[in-house]
Each structure stands twice: as structure tokens, then as C-alpha cells.
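Colleague: I'm new to reading protein models, and I'd like a close look at a single part of this one. Could you pick a helix and walk me through its surroundings?

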Amino acid sequence: MIAARYARYGGPEVIELVEVPEPLPGRGEYLVGLRAAGINPADVKVRRGATPIAPLPSGVGREFAGVVLAAGEGASDFRVGDEVIGTGEWVIGERVVAPEHLLVAKPTALPWTWAASIPVAIQTAAVAVASQDPRPGDTVLVSAAAGGVGFFASQFAVRTGARVIGTASERNHELLRELGVEPVNYGPGLAERLRELAPDGLDVVLDHEGRATIETALELGVPRERINTISGYDGWYAVRYVGRKGLDRELVSGIAQELVDGRLRMRVEAEFPLARIVDAYRRLESGHLAGKVVLTV
Ligand SMILES: NC(=O)c1ccc[n+]([C@@H]2O[C@H](COP(=O)([O-])OP(=O)(O)OC[C@H]3O[C@@H](n4cnc5c(N)ncnc54)[C@H](OP(=O)(O)O)[C@@H]3O)[C@@H](O)[C@H]2O)c1
């Protein structure tokens, strides 16, 4: 089968599609034929040699949706032909082996590309917003509010009844308004713009960007425990970090159903076939997009 691999750390160009032996499902595992895979900045950080360092050669990608092709001994949750959503390290290729606890049933009405976007970005957005428990009357700042995680964190924050302000470039302002988010440009002068928009201050900051957002939040007097960042700078600024851990099966199933029902909005910025995986990561790494970049297999 074909799978994505890289033998040295670097940019998207180090990724190759190579012929590898098909994996065999062990006890409690399934062989899944991929239909789609989400790609994420965390893949990029690892591939560029940041922590956690993946031993080389390494595979690529952490989230997928596909069809169960075979079950290992004792694996009883799914049957051959079932559609599933899953996570793992490293999953992008024609087929992958995954243990039962890292798979959930995919609603058949859910498009493959949407399903493959849930385990990393959407699950993370849900747990990060819940960890701060925003209330009606609160003002919440979401940074990179139109991005892979931010697009969903924005929606989860809006539904708490809080007032939500989101940072984005001009091109994404209309999209944020459609979600019920008040857009503000990021970049120099952000603190002044936020003081003007929210003279009584910010109650919660959900960061998906990094240092500029956290420093602005601290400058505006937001308590450290009300700043949650998933961008890797929590230790640096002693702010909170709540992100995803593995696969919360109940949460992911609930999100899948909400996407089917239209209660949660999806946006796929770009879709590439597996053969164009390098272009897909180039698109992701351009840094300016709305929603998810997804591969189809
Ligand atoms: N630990 C975890 O559980 C976890 C899980 C998922 C992601 N993460 C991390 O969370 C971060 C965000 O991930 P993501 O998938 O949402 O990324 P992403 O989709 O690549 O983010 C793209 C967004 O970032 C915005 N952006 C670009 N430059 C910006 C700036 N200077 N200030 C504010 N926004 C800016 C862009 O807005 P415009 O297009 O409007 O310019 C775009 O909408 C990454 O660091 C990722 O590694 C952590």
C-alpha cells in the first residue's frame, strides 16, 4: 500500500508517498481503509523537528475517516464495512491499523472530509472552550478565530451565550460575523482595538495563535487562569493549557451528529487528493485560511 513518510526533518517537500507493507490488525485492532485525513499544524511542528521529535523515518498525520476492512482477534465494536472516524500516530496512507478505543462510528450522512476533521481540531476546540466555561455576560476573545481550531472554538464559545470577539485578517471578517463573532484585526495595535471594543475588559481568552495574543491578554489584565492556549506557550507565560487527549469517543460522536444536523457549521478551506499531500501541507503552512485543509484518499 501507499503511505506518507519522511526520512529527514524539514518543509512539506520532505514528505514522500512510498510503498510499504500493509499493516496487520493485532488483538483489539482494526484495519481501516482511509477515505479522508485531516492535516494540522501539529504535524508540521513535528515534521520540522520541534518536540515531540518523531523518530525517522516517520509517518504523517493524526486524524482520519474510513471503512473497516478487517478486525483483529477480540475486536468486537465494529464490523467489516463500518464507517469510522479515528486518530493515531501516524495515519496518512491508503490503510491504517487502529485500536478500538481510538475509533468511533461515523454517521453515514457525514461527508468523509468533515468526519476526518473532528479528532484533532474540533475535539480540541470543544475541550478548550469547555475548560473555561464561559457564561452569558462574559466577553471572550478567540484568536485565529477562523482557523482550523478557531472556527469551531468560535462556534462553541458563541453558543455559551457569551459575547465573542475573534481575531482574523479582513478576508475572514464576514465569515466570523456569520458565526456570531465580532471580528477584529490581529497585529500591531490589537490591545487598543480590544480596549475600544470591550472597555470593561475580557473575561476569557482562548488562544490558537501564540505569543502576541497571550501578551495582549496579559497587558489587558486578563488573569492567567482565564487564558487558555493550545499554541505551545502555556509554560512560557504560566497560562492554562487544555487541549485534546487521545479520542473522547462520546464527545467525537456528539460532534459528528451535530455536523450532520447542521447545529455545528463546517468549512473546508481546501481538499487535495493524497497524491498532492505536499501541496496540501503547503496550503496549510501558508498560515492564512478558514476552516480545515483535508486530504481525500
Ligand atoms: N494541543 C492541542 O490539543 C492542539 C490541537 C490542535 C491544534 N493545536 C495548535 O493550535 C494552533 C492553531 O491550530 P489551527 O489548526 O487552528 O491552525 P491554522 O488553521 O493553521 O490557523 C490558521 C489561522 O491562523 C490565523 N492567523 C495567522 N496569523 C495570525 C496572527 N499573527 N494572529 C492571529 N491569527 C493569525 C489565520 O487567520 P487569517 O487567515 O485571517 O490571516 C488563519 O485563520 C497551532 O499552534 C496548533 O499546533 C493544538
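**A close look at helix α3**

Modeller: Helices α3 and α9 are roughly perpendicular to each other, because an angle of 65 to 115 degrees counts that way and their axes cross at roughly 100 degrees. Keep in mind as we go that this is a predicted model. Helix α3 covers residues 118–132, helix α9 covers residues 249–261, and their axes come within 10 Å. So who meets whom? On the α3 side, look for Ile118, Pro119, Ile122, Gln123 and Ala126; on the α9 side, look for Leu251, Val252, Ile255 and Ala256. Sort that contact by class and you get 8 nonpolar residues, 1 polar one and no charged ones.

Now turn to another neighbour of α3, helix α4, which spans residues 150–158. Here the packing angle is about 35 degrees, and the axes are 8 Å apart. The crossing of α3 with α4 is right-handed. From α3, the contact uses Ala121, Ile122, Ala125, Ala126, Ala128 and Val129, while α4 brings Phe152, Ala153, Phe156 and Ala157. Its class count is easy to remember: 10 nonpolar, no polar and no charged. Try finding Ile122 and Ala126 on your screen. They are part of the contact with α4, and they also appear in the contact with α9.

Helix α3 has a sheet to deal with as well. The sheet is an open one with 5 strands, ordered β11-β10-β9-β12-β13, and the pairing is parallel. Its edge strands are β11 (182–184) and β13 (227–229), each of which pairs on one side only. From one strand to the next, the twist averages 20 degrees. Where does α3 touch this sheet? The helix packs against β12 (204–207) and β13, and its direction makes about 160 degrees with that of β12.

While you have that sheet in view, follow one pairing in it. Strand β10, residues 163–167, runs parallel to β11, and 3 bridges join the two. One residue to click on is Gly166, whose bridge partner in β11 is Pro183.

Next, move past the end of α3 into the loop between α3 and β9 (139–142), where you'll find Asp133. What is phi for this residue? For Asp133, phi is near 40 degrees, which is a positive value in a residue other than glycine. As background, most residues other than glycine have a negative phi, and most peptide bonds are trans.

That background also helps with two spots elsewhere in the chain. The peptide bond from Leu56 to Pro57 is cis, with omega near -5 degrees, and Pro57 sits in the loop between α1 (41–47) and β4. The bond from Glu89 to Trp90 is cis too, again with omega near -5 degrees. You'll find Trp90 in the loop between β6 (83–87) and β7 (95–99).

Since we've just passed β4, here is its sheet. This open sheet has 3 strands in the order β2-β1-β4, with antiparallel pairing. The edges are β2 (16–19) and β4 (58–59), and each of them pairs on one side only. Strand β1 (residues 2–6) and β4 pair in the antiparallel sense over 2 bridges, and Arg5 stands opposite Gly59 in β4.

For something to set beside the helix pairs of α3, try α6 (residues 190–197) and α7 (residues 211–219), which pack at about 50 degrees with their axes 10 Å apart. That angle makes α6 and α7 oblique to each other, and their crossing is right-handed. Leu190, Ala191 and Leu194 of α6 make the contact with Ala212, Thr216 and Glu219 of α7. By class, those residues divide into 4 nonpolar, 1 polar and 1 charged.

Finally, zoom out to the whole chain. How does the domain assignment divide it? Domain 1 takes 2–117 + 266–296, and domain 2 takes 121–237. Their centres, taken over C-alpha atoms, are separated by 28 Å. The contact between the domains takes 9 residues from domain 1 and 9 residues from domain 2. On the domain 1 side, the residues touching domain 2 are 2 nonpolar, 5 polar and 2 charged.

Terms used:
Residues are numbered from 1 along each chain as its sequence is written. This is a predicted model: local features need pLDDT of at least 70, side-chain atom pairs count only at pLDDT 80 or more; totals for chains, interfaces and linings use all residues. Axes are lines fitted to C-alpha atoms, for helices over the stretch in contact, and angles run from 0 to 180 degrees between N-to-C directions. Helices (H or I, at least four residues) and strands (E, at least two) are DSSP runs, numbered from the N terminus. Angles under 35 degrees count as roughly parallel, over 145 as roughly antiparallel, 65 to 115 as roughly perpendicular and the rest as oblique. A crossing is left-handed if the near helix is turned anticlockwise from the far one by less than a right angle, and right-handed if clockwise. Two residues are in contact if their C-beta atoms, placed from the backbone, lie within 7 Å. Ala, Val, Leu, Ile, Met, Phe, Trp, Tyr, Cys and Pro count as nonpolar, Asp, Glu, Lys and Arg as charged, and the others, Gly among them, as polar. Two strands pair if DSSP finds at least two bridges between them. Domain bounds come from an automatic or database domain assignment.
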